[in-house]
Amino acid sequence: MAYPRQPLLAPHGAVATSQPLAAAAGLAVLRRGGNAIDAALATAITLTVVQPPSNDIGGDLFAIVWDGGRLHGLNASGRSPAALTRELVLAATDRRGAAAVDALGGAQGEGPTVPARGWLPVTVPGAPAGWRDLHERFGSLPFAELFADAIGYAERGYPVAPGTAATWARGVAAHDGLAGAEYAEFRVFTVDGRAPRPGEWWRNPDAARTLRRIAESGAADFYRGRIAAAIDDHAARTGGFLTGDDLARHASTWVDPVPVRYRGHEVWELPPNGQGIAALLALQVLDGVDLAALSPEERLHWQIEAVKLGFADAHAHVADPERAEVPTAALLDPGYAAARRALVTGRAGDPVAGEPERGGTVYLCTADAGGMMVSLIQSTYLAFGSHVVVPGHGFALQNRGLGFRLDPDHPNVVGPAKRPYHTIIPGFLTRDGAPVGPFGVMGGHMQPQGHVQLVSATVDAGRDPQAALDTPRWYWHAGRTLLVEPDLDPALVAGLRSRGHEVTVAAEPSVFGYGQAIWRAPGGGYVAGSESRVDGAMLGW
């Protein structure tokens, strides 16, 4: 008999993330008197070392912060190189015969896409600037102190966790066949040409030196100093497009999170260029349905169809709002949600985008004794991102440019100095304006549908964070195909198939995403949950 993981109950503060050593780094900061931002940053920075297939120094970051009175959002995603054009991508793809990856689960549509590896999908890393910007506004401990555990693990090493080792092996396998000088330094992530095994010690002294420079310079070295020069030099020598000027121009953006009402609660996501709006669209459709009056099969069918509608609109409209009109307010208008809701029938559908009236990832959350809470997510995308590693610096550059389209008429078409459609999304839940807490489910295309399933398990079923995370999940990719976990009731599987869903029971847990959540407890303190499908941990005091 398998015993379920119990939620964490903590009187003062909590940290939840996908790797225990990173969670411990955040908890240590809380116990030293740091606040939730300090703990989140120590956790995030440590994650780049102890879970490098999923996130790295060369990735992006998004965060939602409850400061005790209101929510703040940070978009720390980077932009494409100024030299990158659609014509350049098409010519390079034809010349190299690069394989394309439809990582958005059907978003790219027919035709060529941006290649997944190499320099073409590389965008400016936003995470180091994001760490600095969060700390400058909300941090309490010295910035450099938050790097101590990460630098220590990079210098002295650590035993690789089992779940991380499995992702690492898939990433190294994906590297086979990649040839070119830009990939030569990927060897720093291998042991005799292979991925480290579970429990095997691994160290990355190059990353330790890079982190120390970021810590000592407040990230300035990454964008205007020696690290920037190293990135510029590697690109210039190996056919890349990222330059020192691109790095120097980078800036994070503070944004206002956007909400929708859901059964007396407010669910908050960051506005585009992220895909959080897909979750909000789905929840707004579901909010007009009396799910409690439906059978379990009908409730599941409605959730799946609502998610499809949300993705159809997100894939059609999400782009860099600085470079294209994104009709966020119109998409979230209740009247538009009602029109989309009317499209759902008792059968599996193949929805298309509507036309509103116009006007590889890690997640963590933290909470402190003062009531501050943080929802933070960062990633290099896929496993090891672009697989381009900066010589002598021990980190891989992300491949977020894979989120662009090559359709010249799409608002998200690839182009210079643009932010692409972004999959990583932090979430936050409130009730009548009072904070419930931060949450997230990582995993590319899984993330918005994971948010919908976690919110529903919490609000509709009344489950605690751990039970909500442990609820069997489903994953929709495209068309009528649906993957479900083995623990989903076979009767529900049969019912979905009778409605036209093409259901496959998938044993591989990674496709269903990994999540964490921390809720405020009614009597004080916090209740936390962390992913039981992988190396997740939640710690408190």
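In this predicted model, glycine 440 has glutamine 516, a residue of strand 17, as its bridge partner. The pairing belongs to an antiparallel association of strand 13 with strand 17 (residues 514-520), which 4 bridges hold in register.

**Strand 13 and its partners**

Strand 13 spans residues 434-442, and 8 of its 9 residues are buried. Besides strand 17, strand 13 is joined to strand 12 (residues 427-431) by 5 bridges, and these two strands likewise run antiparallel. Within that pairing, phenylalanine 428 has proline 438 of strand 13 as its bridge partner. Strand 12 and strand 13 form a hairpin with 2 residues between the strands, in which aspartate 432 adopts a positive phi near 50 degrees.

**The sheet of strands 14, 15 and 16**

An open sheet is built from 3 strands in the order 14-15-16, and its pairing is mixed. Strand 14 (474-476) and strand 16 (502-505) are the edge strands, each pairing on one side only. On average, neighbouring strands of this sheet are turned by 25 degrees against each other, direction ignored. Strand 15 (residues 481-484) runs parallel to strand 16, and 4 bridges join the two. One of the paired positions is leucine 482, whose bridge partner in strand 16 is valine 503. Helix 12 (residues 296-317) packs on this sheet and touches strand 14 and strand 15; the helix direction makes about 35 degrees with that of strand 14.

**Two helix pairs**

Two packed helices are described by the angle between their axes and the distance between the axes. The table lists these values for two pairs in the model.

| Helix pair | Angle | Axis distance |
|---|---|---|
| Helix 12 and helix 17 (residues 490-498) | about 55 degrees | 9 Å |
| Helix 5 (residues 148-156) and helix 7 (residues 205-217) | about 155 degrees | 7 Å |

With an angle of about 155 degrees, helix 5 is roughly antiparallel to helix 7, because angles over 145 degrees count as such. Their crossing is left-handed. From helix 5, Ala150, Ile151, Ala154 and Glu155 take part in the contact, meeting Pro205, Ala207, Ala208, Leu211 and Arg212 of helix 7. By class, this contact comprises 7 nonpolar and 2 charged residues, with no polar ones.

Helix 12, which also packs on the sheet described above, meets helix 17 at an angle of about 55 degrees. Helix 12 is therefore oblique to helix 17. The crossing of helix 12 past helix 17 is right-handed. On the helix 12 side the contact residues are Pro296, Glu297, Leu300, His301 and Ile304, and on the helix 17 side they are Leu492, Gly495, Leu496 and Ser498. The contact of helix 12 with helix 17 has 5 nonpolar, 3 polar and 1 charged residues.

**A buried loop residue**

Phenylalanine 189 is located in the loop between helix 6 (162-175) and strand 6 (201-202). The relative accessible area of phenylalanine 189 is 0%, so this residue is buried, the cut-off being under 20%. Phenylalanine 189 and glycine 239 are separated by 50 residues in sequence, and their C-alpha atoms are 22 Å apart in space.

Key:
Residues numbered from 1 in each chain as written. Predicted model: local features only at pLDDT ≥ 70, side-chain atom pairs only at ≥ 80, totals over all residues. Heavy atoms only, no water. Pairing = 2+ DSSP bridges. Axes fitted to C-alpha atoms, helices over the stretch in contact; angles between N-to-C directions. Contact = heavy atoms within 4.5 Å. Parallel < 35°, antiparallel > 145°, perpendicular 65-115°, else oblique. Left-handed = near helix turned anticlockwise from the far one by under 90°. Nonpolar A, V, L, I, M, F, W, Y, C, P; charged D, E, K, R; others polar. Buried < 20%, exposed > 50% of the residue type's maximum accessible area, 1.4 Å probe, protein only.
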